[in-house]
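Let's take a friendly walk through a molecular structure, starting where two chains meet and ending at a strand of DNA. Have a look at the model first, then read on.

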Number of protein chains: 2
Amino acid sequence: MRRNPERRSALLDCAIDVLARDGARGLTFRAVDVEAEVPTGTTSNYFPNRAALLTQIGGRIYERLQPDPATIAKSLEGPRTRARVEALMYELVDRVSAFRTGYLALLELRLEATRRPDLREVLTTRIRADVDANIDYHLKSGLPGDATTVKLLFLAMNWLIVERLTLPDLFGEDEIHDLVAAAVERIVPNQ
Amino acid sequence: MRRNPERRSALLDCAIDVLARDGARGLTFRAVDVEAEVPTGTTSNYFPNRAALLTQIGGRIYERLQPDPATIAKSLEGPRTRARVEALMYELVDRVSAFRTGYLALLELRLEATRRPDLREVLTTRIRADVDANIDYHLKSGLPGDATTVKLLFLAMNWLIVERLTLPDLFGEDEIHDLVAAAVERIVPNQ
DNA sequence: ACCGTAGTACTACAGATGGAGTGGTGTCAA
DNA sequence: TTGACACCACTCCATCTGTAGTACTACGGT
């Protein structure tokens with residue numbers, strides 16, 4: 001088992017790309033080796049088996065999905081209004097959509113999680129932390145709405161991103177924009 | 001190429017189960033043969049290749065997801081209130097969750113669709129028809145809310161089902177129930 | 001300056017699996 | 001008799017995993 005952490009992260013990043021591009025079917029040690037342009041067998045040396053690779057991918061995606069500090073700082077500026085929530089939602093949808101491979105890989109992992117209890121546990125923990133952090137942030141920053149508001153936005157935005165990434169022709173870009181606006185308008189109380 | 005339609009449907013139903021249980025990775029002609037308890041090679045005889053099998057699975061799932069006429073008739077009874085919409089949402093979430101394998105298989109297909117334009121087209125057409133039918137039904141039946149209401153409910157309910165089926169420990173059953181109620185309360189206008 | 005050791009990169013291979021697809025044979029019904 | 005289908009068998013093939021062995025590099029000791 002090799003320990004070089006940069007290389008491990010690089011392998012995980014390539015594994016995310018493979019997972020998004022070729023699906024769970026295409027995710028093999030060899031495929032990751034090829035994607036990372038490292039010699040055959042390298043990924044085998046870094047991960048004892050496929051299950052370990054999958055759970056570590058889950059952790060890695062969430063590492064990369066966190067907004068960078070600059071974005072967080074910026075989001076703390078401005079008035080605490082519904083319009084501000086709307087702006088945050090556009091930012092969220094675009095940030096997640098921009099990491100397309102990560103989001104698609106995460107969906108693959110969710111499906112894998114129905115078969116792998118350990119992976120399910122990892123994902124549940126991570127996502128619960130994420131939801132809680134969002135609720136916490138929302139309440140503390142004085143934005144309008146309660147915990148339920150945040151959860152409902154979470155539900156709607158997630159599926160909106162799914163539609164955008166998997167069946168882009170179902171809702172066009174304009175309609176996606178309008179749906180974000182409508183979701184905020186109806187779910188978030190006015191002031 | 002064999003034509004017996006009952007057998008074809010039976011094979012597709014088994015393919016749905018395989019897809020939900022073992023994922024895209026496990027969906028092979030042989031696995032379907034085993035699941036359907038038919039001789040090796042049968043599925044090969046009915047579908048020219050994996051791609052055709054996948055697109056036909058997509059069609060089959062949507063056939064089976066439609067509510068039966070009795071359910072539709074029942075849903076036309078009663079007053080046209082927000083409480084009625086809430087009841088319909090509980091029915092929807094439970095009906096879809098009950099066809100667990102179908103929903104999970106559909107998610108697998110969505111991910112496959114990112115790689116297969118023909119599958120993407122099939123799914124887009126089907127789902128658009130489904131969304132339009134729901135909007136149409138909602139408006140014609142005089143339930144409160146407009147097309148956007150229906151779409152927002154569609155977004156929230158879909159992801160709620162995803163959570164329930166893939167990470168059941170994230171939201172408990174009680175919380176899921178509450179979220180359905182909250183979604184209706186906030187998204188659907190009062191009368 | 002030399003040597004030994006540890007950790008890692010790279011290479012190669014053993015071993016095994018499992019699937020795709022096709023062609024042939026028997027059966028039944030029109 | 002013919003056509004369609006169920007069933008069966010067989011060939012070919014494409015990988016994948018996991019590990020063992022070799023080479024390289026850095027570092028610390030003498």
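Let's begin with the two protein chains: 51 residues of chain B are in contact with 51 residues of chain A, where contact means heavy atoms within 4.5 Å. The model is predicted, so local features need pLDDT of at least 70 and side-chain atom pairs count only at pLDDT 80 or more, while totals for chains, interfaces and linings use all residues. Residues are numbered from 1 along each chain as its sequence is written, chains are lettered from A and ligands numbered from 1 in the order in which they are written, and side-chain values use heavy atoms, leaving out hydrogens and water.

Together, chains B and A bury about 4,400 Å², with 66% of that given by carbon and sulfur atoms. Buried area here is the accessible area (1.4 Å probe) that two parts lose on being put together, summed over both. B:R25, B:W159 and B:R186 supply 19% of what chain B buries against chain A, more than any other three residues.

Charges meet here too: the rule finds eight salt bridges across this interface, each a side-chain nitrogen of Lys or Arg within 4 Å of a carboxyl oxygen of Asp or Glu. One of them joins B:D146 to A:R186, with the closest N and O atoms 3.3 Å apart.

Now turn to the DNA. Among the residues that surround strand C are A:N4, B:F29 and B:R30. The side chain of A:N4 has an N or O atom 3.4 Å from a phosphate oxygen of strand C, and B:F29 places a backbone N or O atom 3.3 Å from a phosphate oxygen. For B:R30, a side-chain N or O atom is 3.2 Å from a base nitrogen of the strand.

Definitions and conventions: A residue is near a molecule or strand if one of its heavy atoms lies within 4 Å of it. A polar contact is a pair of N or O atoms within 3.5 Å; within protein, one must be able to donate a hydrogen and the other to accept it, and residues adjacent in sequence count only if both atoms are side-chain atoms.
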